[in-house]
Amino acid sequence: MTRTIVASANREVVIGFDQPFCVIGERINPTGRKKLAAEMVAGNFETVKQDALAQVAAGATMLDVNAGVTAVDPNATEPGLLVQTLEIVQDLVDVPLSIDSSVSAAIEAGLRVARGRPLVNSVTGEEEKLEAILPLIKKYDVPVVAISNDETGISENPDVRFEVAKKIVQHAADYGIPAHDIVVDPLVMPIGAMGTAGQQVFRLLRRLREELKVNTTCGLSNISFGLPHRHGINAGFIPMVIGAGMTSAIMNPCRPQEMEMVRAANVLNGTDPNCYNWIMTYRDHQPAATGEATAAAAPASSGGRRRGGRDARRARG
């Protein structure tokens, strides 16, 4: 059975088909978060600290750490900032980390200071990236996320994405890197833009598990991009991708609905023995009152779009 081992200074985590789903907290990432980016540039890491603690408290297995605050000369700015961020986070929480950068120098700088056995996020099938990142993976003996795109871009054909993943696994083997240290990201497409995106990824995950025998991950919320009530789609997606063979995801653990689906999938998948974690998490759970649930559902079921608009205008007035 394929097992990818990651570790912090004192804690080892195994990613695998027979293991609990690995939740990689996504929040320490300034992409799309202007306030966080500005804070990090200014040397203010209070939000980083809050996000680290909150994600671990919510059940994150690992934390992804990204310091890509600017597209302007990231080779000069990102290595030092990533090191600083990693050191702050690993002094605060004892979970394995994912070193997330598209800058090779930043990845190596991060690997020098990371404790334990971090995950590197990421390498693609582009020859330039393979030649820059895989030697670092071998040198530091760490696992890596392999994203299924190459010089031709991201294919809408899942068979092409499978072949890119296969190419990365084979190229890694040339460096002496075993398949169990390759965690493939099959690239989840937005379901709102491609109606077959869900079916595609389920099929691809089964092939990755059965043919390449690799662990997998994804940016979970990609599936719901552009849709309203995204967390409902994300929550429904979780048990389906786990059932298809996905073993980890980069996601927001501070969303209770999504974490509930992860824990339920672990129970039903047999990776929460005796339902222990489920019981310990929810033994004091109090369901919402019927009246509250009805009230929450009412706007969607009464009056239609036009009336909802009038009611909203009255509320504002």
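This report covers strand 4, its sheet and the nonpolar cores in a predicted model.

## The sheet

Eight strands build an open sheet. Their order is 9-8-7-6-5-4-3-10, and the pairing is parallel. Strand 9 (215-216) and strand 10 (248-251) form the edges. Each has a single partner strand, so one side of each lacks a neighbour in the sheet.

Strand 10 pairs with strand 3 through four bridges, and the two run parallel. Within this pairing, I24 has I250 of strand 10 as its bridge partner. Helix 2 (residues 46-58) packs on the sheet. Helix 2 touches strand 3, strand 4 and strand 10. The direction of helix 2 makes about 160° with that of strand 3.

## Strand 4 and its partners

Strand 4 spans residues 62-66. In the sheet order, strand 4 stands between strands 5 and 3. Three bridges link strand 4 to strand 3 (residues 22-28), and these two run parallel. One residue pair here is G25 with L63, the latter in strand 4.

Toward strand 5 (residues 97-100) there are four bridges, again with parallel strands. D64 has S98 of strand 5 as its bridge partner. From strand 4 the chain passes through helix 3 (residues 74-92) to reach strand 5. This β-α-β crossover is right-handed.

## Burial on both faces

How many of the five residues of strand 4 are buried? The count is five of five. In a regular strand, side chains alternate between the two faces of the sheet. Here M62, D64 and N66 lie on one side, while L63 and V65 lie on the other. Both faces are covered, and all of these residues are buried.

## The nonpolar cores

In soluble globular proteins, nonpolar side chains tend to be buried together. The largest nonpolar core in this model has 46 residues. Which of them touch the most other members? They are L63, V89, I182 and L208. Helix 6 (residues 158-174) gives this core its largest share, six residues. A second core of 23 residues is separate and includes V23, L205, F237 and A244.

L63 ties these themes together. L63 is buried in strand 4, is the bridge partner of G25, and is among the core residues that touch the most other members. Beyond its neighbours within four places in sequence, L63 is in contact with I24, G25, I28, A52, Q55, V56, V89, V93, V95, P96, L97 and S98. One of these contacts, V89, is also listed with L63 among the core members that touch the most others.

Key
Residues are numbered from 1 along each chain as its sequence is written. This is a predicted model: local features need pLDDT of at least 70, side-chain atom pairs count only at pLDDT 80 or more; totals for chains, interfaces and linings use all residues. Side-chain values use heavy atoms; hydrogens and water are left out. Buried means under 20% relative accessible area, exposed over 50%, partly exposed in between (1.4 Å probe, protein chains only). Two strands pair if DSSP finds at least two bridges between them. A crossover is right-handed if, with the strands pointing away from the viewer, the path from the first strand over the helix to the second runs clockwise. Contact means heavy atoms within 4.5 Å. Axes are lines fitted to C-alpha atoms, for helices over the stretch in contact, and angles run from 0 to 180 degrees between N-to-C directions. A nonpolar core is a set of buried Ala, Val, Leu, Ile, Met, Phe, Trp, Tyr and Cys residues joined through side-chain atoms within 4.5 Å.
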